[in-house]
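Trainee: I should like to request a detailed look at one part of this model, set in the context of the whole. May we begin once the sequence and structure are in view?

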Amino acid sequence: MYALEQIIITILVKFIPIEQLNAALSDPRAVAILIGALVSISTACLGVFLLLRKMSLTSDAISHTVLLGIVVAFFVMVGLLGTEADLSSPLLVIGAAAAGVLTVILTELVQRSGLVKQDAALGLVFPLLFAIAIIIISRYADDVHLDTDAVLVGEIGVAWANTNSHCFDNCDDVVITPDHPRAEMGRRCINCSSGGITPRDPKAVFEEVCANCGTYSAAEAWRERLIPEPPALVFWPRSLTLMGLVTLLNVGFIALFYKELKLTSFDSALATALGFRPVALNYMLMTLVSVTAVSAFDAVGSVLVVAFFIIPAATAYLLTDRLAIMLLISPVFGALSAMTGYELARGQLLGILPISDVLVFLDRTVGLDGYTQWNSSISASMVIMAFLFFLAAWVLSPRYGLVAAALRRRMQRQQFADQMILGHIYHHQGRPEAPEELAADRLHEHLGWTPTHTRLAIARLRTLNLVILEDEQVRLTPRGERVVSEFLHTQLHAGQPTG
Amino acid sequence: MVNHTNHDDFALDIHDLTVAYNSSPALWDVDLQVPEGVLMAVVGPNGAGKSTLIKAALDLIPRATGDIRFYGQPYARARHLVGYVPQRSSVDWDFPTSVLDVVMMGLYGKLGWFRRPGKRERELAMAALEQVSLSDLAHRQISQLSGGQQQRTFLARALVQDAQLYFMDEPFAAVDAVTERAIVTLLHELRARGKTVIVVHHDLQTVPEYFDWVALLNVQLIASGPTEVVYTEDNLMKTYGGRISTLASSRDRMEV
């Protein structure tokens, strides 16, 4: 991990001055948004397949049970290896993957017994594993840094502060020896404390001592001004490396197995019959979900991560009919939610509504006891934004949105109304009862509609050149006759529509 | 045609097949030989194990005993010879994909892992859609298809597999008359090209008209052979009516 960071930074400093790089990496906003975007992208692309495989809640289960993996990994680290507990250790990833796969295996075992259904099996297994994890934490691992806040919402806001330092120039340790020009030499009396001898006493014996001798790291040497130039240090947030790797891993997995994932998600029986391995692919997917959940744990906690998996995928599902496009726009919505979510947490809704202004206004009008500072959970705000985007798609999606559906229904009703009038005229035109049935001002009585509704429909049909008015009588134009006979033929006489 | 076949071999040879779900048999000691080039209906009441027979043949479910060979080979080595049309309801038709994409899935087996379908695969898929008169709808989202169109999409997907033997699980279920005629025409075309087709079928009246071979199944195989020989009142009684007599030998597990 450290070596990888070293390589990335070596490349980066070729393009960006170190001061600027450090400024960017210690900017809480930039780091939080970047990590949020990486979390969103890595989860949102897997989320597409979770959603299509109807396994959304499996990601919820896994994001909880990875806690067991984390706890066991901590145990191995602290108890067996004697190292320090570290939330970005590769052991954690292994533990989480194992816990995730265990969840899926146990769920399938319970389900295969045939005694409970899949949802209940999931509901049985994951709280059990989660409970075991909680018991281990509270019983044995009080000193481990895992508080409830971290489990709930993560700590994306302080990710910038948890860094590895990398040095690029003037990195050597500085060793000060007594003959070093900067050595601060002094004399010390070695027999003064005993026998009432003072330093002024001629019997006093002195030795040369060096006040600042020793080994200094480059940073310490600079602080003591022992070297003329500061070391070129870059402070790299640890979560950035892990989330970047996981994002690459997930995107690479989907790029590599796109065809196989598509086939197994749509028709797993055919996939098996064609010689693919849907079960193996499923476990690979679940392993990645676990690894992603545990990597994102640090940033967004184990509960909210489900929203990062599912909401952008659900948004994309409403906006397209093509899997490839869904896989492109789902991460885009994820990243957008991360960006706008950070601003929301800082009090700006999409850059248009400053929430603190609203709070000030509310404070003045209804009184909020002076509570006018908006500063809320970053990860929760990201989820809220993701949901707002989903809501927008739900209402406005061109094909499946509520507005589109309402317009479509209205259009259909209107078309049907038109056909009813045309049919009515067609039926009575040229027959003895025509003057009575087809009088324009009385038509609504025969149709049982309101006069306004009828007048509007007639006006519409006249503009469409389907109907004309002659002597206050409605009549079909030749075009109108063609339309109505076609309608009657296809809708009423042909029986069921052809396949 | 490549000569995959030995003249002594059946297109499908099932020997002593037993499949059990939770220890109750779904298929009991089935021996079935299907010669090459026939159009065979598999008929039997609900729960008779018709779909199970297909799934066991395709290694989709484990079998308790038995041996199944395609042209003398086990399925794992005969995949490229076998095409499969599952029940329409077995997939989610809201899946975000197009008709053409679904048909191309039939070619994934030949492509193997990692290789992506390209221009050639698109052309093959379009040709198959042409055969089932669906080329106009190639780029439609599959959720916008009628039941009959869905069934024809699945047929086109099996056609691109260019198999020697086809399994079709209830292709006539809930389709309109036009699609039913289209499927029958297609089946006869397949037979004319020397293919073997095994169809799970429900409409007993059309069996003699559509199929030249038939297997009557009710957990055990009641009879199989040329339609005019085995599709008799007597055999149908044994399969459907005489439930107790046919099952007396396989324990009284099915009172349903």
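Among the contacts in chain A between residues at least 6 apart in sequence, what percentage join residues at least 24 apart? After that, please examine strand 1 of chain B and its surroundings in detail: to which strands is strand 1 joined by bridges?

Mentor: This is a predicted model, and every value that follows is computed from it. The answer to your first question is 70%: that is the share of contacts in chain A, among those between residues at least 6 apart in sequence, that join residues at least 24 apart. Chain A itself contains 20 helices and 10 strands, and 45% of its 499 residues count as buried. Its radius of gyration is 36 Å, while a compact globule of 499 residues would have one near 23 Å. Along the principal axes, the C-alpha atoms of chain A fill a box of roughly 145 × 60 × 50 Å.

Two helices of chain A provide context. Helix 5, residues 90-112, has 23 residues, and the 33 Å from its first C-alpha to its last is close to the 33 Å expected. Its buried residues include Leu92(A), Ala96(A), Ala99(A), Thr103(A) and Thr107(A). An α-helix has 3.6 residues a turn, so residues three or four places apart point the same way. Just after helix 5 of chain A, Gly114(A) adopts a positive phi of about 80 degrees. Helix 12 of chain A, residues 305-319, has 15 residues that should span 21 Å, and its end C-alpha atoms lie 22 Å apart, which agrees. In helix 12 of chain A, 13 of the 15 residues are buried. Val305(A) belongs to this helix, and it counts as buried because its relative accessibility is 0%. Leaving out residues up to four places away in sequence, Val305(A) touches Thr43(A), Ser63(A), Ala293(A), Ala296(A) and Val300(A). The C-alpha atoms of Val305(A) and Val104(A) are 18 Å apart, although 201 residues separate the two along the chain.

We turn now to the part you asked about. Strand 1 of chain B belongs to an open sheet of 3 strands, in the order 2-1-4 and with antiparallel pairing. Strand 2 (24-34) and strand 4 (65-70) of chain B stand at the edges, each with a single partner strand, so one side of each has no neighbour in the sheet. On average, neighbouring strands of this sheet are turned by 20 degrees against each other, direction ignored. In answer to your second question, strand 1 is joined to strand 2 of chain B by 7 bridges and to strand 4 of chain B by 5 bridges. On the strand 2 side, Leu17(B) stands opposite Val30(B); on the strand 4 side, Ile14(B) stands opposite Ile68(B). Strand 1 and strand 2 of chain B also form a hairpin with 2 residues between them, and Asn22(B) in the turn has a positive phi of about 45 degrees. Helix 1 of chain B, residues 50-57, lies across strand 1, strand 2 and strand 4, and runs at about 115 degrees to strand 1.

A further sheet in chain B completes the setting. It is open, holds 6 strands in the order 5-6-7-3-8-9, and has mixed pairing. Strand 5 (82-85) and strand 9 (220-226) of chain B are its edge strands, each pairing on one side only. Here the average turn between neighbouring strands is 15 degrees, direction ignored. Within this sheet, 5 bridges join strand 6 (residues 165-169) and strand 7 (residues 196-200) of chain B, which run parallel. Phe167(B) has Ile198(B) in strand 7 of chain B as its bridge partner. Helix 1 of chain B packs on this sheet too, touching strand 3 (39-43), strand 5, strand 6, strand 7 and strand 8 (213-218), with its direction at about 140 degrees to that of strand 6. Helix 10 of chain B, residues 233-241, touches strand 3, strand 8 and strand 9, and its direction makes about 35 degrees with that of strand 8.

The nonpolar core ties these elements together in the account. The largest such core has 176 residues, and Phe70(B) and Phe167(B) are those with the most contacts inside it. Apart from neighbours within four places in sequence, the residues in contact with Phe70(B) include Phe10(B), Leu12(B), Ala57(B), Val82(B), Leu165(B) and Phe167(B). A second, separate core of 18 residues includes Leu438(A), Ala457(A), Val474(A) and Val484(A).

Technical notes:
Residues are numbered from 1 along each chain as its sequence is written. Chains are lettered from A and ligands numbered from 1 in the order in which they are written. This is a predicted model: local features need pLDDT of at least 70, side-chain atom pairs count only at pLDDT 80 or more; totals for chains, interfaces and linings use all residues. Side-chain values use heavy atoms; hydrogens and water are left out. Helices (H or I, at least four residues) and strands (E, at least two) are DSSP runs, numbered from the N terminus. The expected span of a helix is 1.5 Å times one less than its number of residues. Buried means under 20% relative accessible area, exposed over 50%, partly exposed in between (1.4 Å probe, protein chains only). Two strands pair if DSSP finds at least two bridges between them. Axes are lines fitted to C-alpha atoms, for helices over the stretch in contact, and angles run from 0 to 180 degrees between N-to-C directions. Contact means heavy atoms within 4.5 Å. A nonpolar core is a set of buried Ala, Val, Leu, Ile, Met, Phe, Trp, Tyr and Cys residues joined through side-chain atoms within 4.5 Å. The radius of gyration is taken over C-alpha atoms; the globule rule is 2.2 Å times the number of residues to the power 0.38.
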